[in-house]
Amino acid sequence: MAFLTQHFGEVWIGVAVAAALFQTVRFMLQKQLSQVKLSAAGATFARFVYSAPLAVCLLLIVSTQTTFPPIQQGFWTFGAIGGLAQILATVCTVMLFKQRNFAVGVTFKKTEVLLTAVIGFVILGEVVSKLGALSIAIGAAGVLVLSRAPADRADHDAPKKRGWRKFVSPSVVLGLTAGALFGVSAVTYRAASLTVMTDAPFLRALITLAAVTSMQMIGMGLWLLWRDRVELGRVLAAWRTAGWIGIFSMAGTFCWFTAFTLQNAAYVKAVGQVELIFSLIASVVFFREKITLRELSGIALISASVLGVVLAI
């Protein structure tokens, strides 16, 4: 019992698992919208336009009950960098869903765990243990196993590729790009949240959430207004589904931010790989997609890395 309490009794672990669940549901809705109604940019904007107002309203309510804490320099810079990286990463992920099944698309995105550890070391000087690094490497091996699409979903030029080139495809590029950008957002969000001078992790997370999602909503809204006003109208017209994206997005992001205030971002994202299990269920049950043995092997490797990282803490 002491062992379980030591490794699994931490609050941030439960919060990270909840974040992964909310994120899975949100990606399911975004995949559905991108297939039938919206572009990748539109499906991404739906996440922010319906979540930012909720986050701001919640912060206003909370602020009436507590003193608003001071914020140190760097909050807005880190928040803006993380917000932009998250927007681009989400667009890449939604595009990826159009090329591979849901479970594999989410798994490719999970390269963020390895990349978050690297970025966290460079930006914040945070390190992981040897066991943690080994576990993250196992997850990276799982991504490599998933790099080649099955024959029925392979790229048209795949038969012409030889050697290392057969592992490079649009889905791999999109997946690795999304992972790197999500890694940047995770680390910069943690850096932003740490500039909020309060010991209350939920308040710190809520302030960061409200600020970042507001910047994302305004930024993407202006971009779509300039580049694609028709798509902007489609997002607003799809409020019945897009509204739920906003709700699950706010819940998931709040949980991520809370976990980031409590623990190294690399560890948080590693535990968040439980999302792979959720995505596998969604892929088979909701989207009726086939999962190959190779894909299951890759998913299993990445899932195994979660336990290793938790035990390494």
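Here are a few exercises on this predicted model, each with a worked solution.

**Exercise 1. Confidence and overall make-up**

Find the mean pLDDT of the protein chain, then describe its secondary structure and burial.

*Solution.*
- Step 1: Start with confidence. The chain averages a pLDDT of 78, with 77% of its residues at 70 or more.
- Step 2: Look for the weak spots. Residues 1-9 have a pLDDT below 50, and this stretch makes 11 contacts in the model beyond near neighbours in sequence. The pLDDT is also below 50 over residues 152-159, a stretch with 10 such contacts.
- Step 3: Go through the secondary structure. You get 15 helices and zero strands.
- Step 4: Check burial. Of the 313 residues in the chain, 53% count as buried.
- Step 5: Check how the contacts spread along the sequence. Take the contacts with a separation of 6 or more: 87% of them join residues 24 or more positions apart.

**Exercise 2. The cavity**

Work out how many cavities of 30 Å³ or more the structure holds, and which residues line the largest cavity.

*Solution.*
- Step 1: Count. There is one cavity of 30 Å³ or more.
- Step 2: Size it. The largest cavity holds about 80 Å³ of space.
- Step 3: List the lining. It's made up of Gln23, Arg47, Gln86, Phe182, Ser185, Ala186, Tyr189, Thr253, Trp256, Phe257, Phe260 and Lys269.
- Step 4: Map that onto the helices. The elements giving two or more residues to this lining are α9 (170-193) and α12 (239-262).
- Step 5: Sort by chemistry. The lining residues of the largest cavity split into six nonpolar, four polar and two charged.

**Exercise 3. A residue on the cavity wall**

Place tyrosine 189 in its helix, decide whether it is buried or exposed, and trace its contacts.

*Solution.*
- Step 1: Tyrosine 189 sits in helix α9, and it's among the residues that line the largest cavity.
- Step 2: Apply the cut-off, which for buried is under 20% relative accessible area. Tyrosine 189 comes in at 2%, so it counts as buried.
- Step 3: Set aside neighbours within four places in sequence. Tyrosine 189 then touches Gly79, Gly82, Gly83, Gln86, Thr208, Val212, Gln216, Phe257 and Phe260.
- Step 4: Pick one partner and check the backbone. Threonine 208 is 19 residues away along the chain, with 7.7 Å between its C-alpha atom and that of tyrosine 189.
- Step 5: Cross-check with the cavity. Gln86, Phe257 and Phe260 are contacts of tyrosine 189 and also appear in the cavity lining.

**Exercise 4. The second largest pocket**

Which element gives the largest share of the lining of the second largest pocket?

*Solution.*
- Step 1: Get the volume, about 220 Å³.
- Step 2: Read off the lining: Ala41, Ala80, Gly83, Leu84, Ile87, Leu88, Val91, Met215, Gln216, Gly219, Met220 and Trp223.
- Step 3: Assign elements. Those with two or more lining residues are α5 (75-97) and α10 (201-227).
- Step 4: Settle it. Helix α5 takes the largest share, with six residues.
- Step 5: Sort by chemistry. This lining has nine nonpolar residues, three polar and no charged.

**Exercise 5. Cysteines and a serine**

Find how many disulfides the structure has, then say whether cysteine 92, cysteine 255 and serine 214 are buried or exposed.

*Solution.*
- Step 1: Search the whole structure for disulfides. The result is zero.
- Step 2: Test the cysteines. Cysteine 92 has a relative accessible area of 12%, so it's buried. Cysteine 255 is also at 12% and counts as buried.
- Step 3: Move to serine 214, which lies in helix α10. Its relative accessible area is 18%, so serine 214 is buried.
- Step 4: List its partners. Beyond neighbours within four places in sequence, serine 214 contacts Ala52 and Val56.

Definitions and conventions:
Residues numbered from 1 in each chain as written. Predicted model: local features only at pLDDT ≥ 70, side-chain atom pairs only at ≥ 80, totals over all residues. Heavy atoms only, no water. 1 Å grid on protein atoms, 1.4 Å probe; cavity = no way out; pocket = protein on both sides within 12 Å on 5 of 7 lines; lining within 4 Å. Points joined across faces, edges and corners; volume = space filled by probe spheres on them. Helix = DSSP H or I, 4+ residues; strand = E, 2+ residues; numbered from the N terminus. Nonpolar A, V, L, I, M, F, W, Y, C, P; charged D, E, K, R; others polar. pLDDT = per-residue confidence, 0-100. Contact = heavy atoms within 4.5 Å. Disulfide = S-S within 2.5 Å. Buried < 20%, exposed > 50% of the residue type's maximum accessible area, 1.4 Å probe, protein only.
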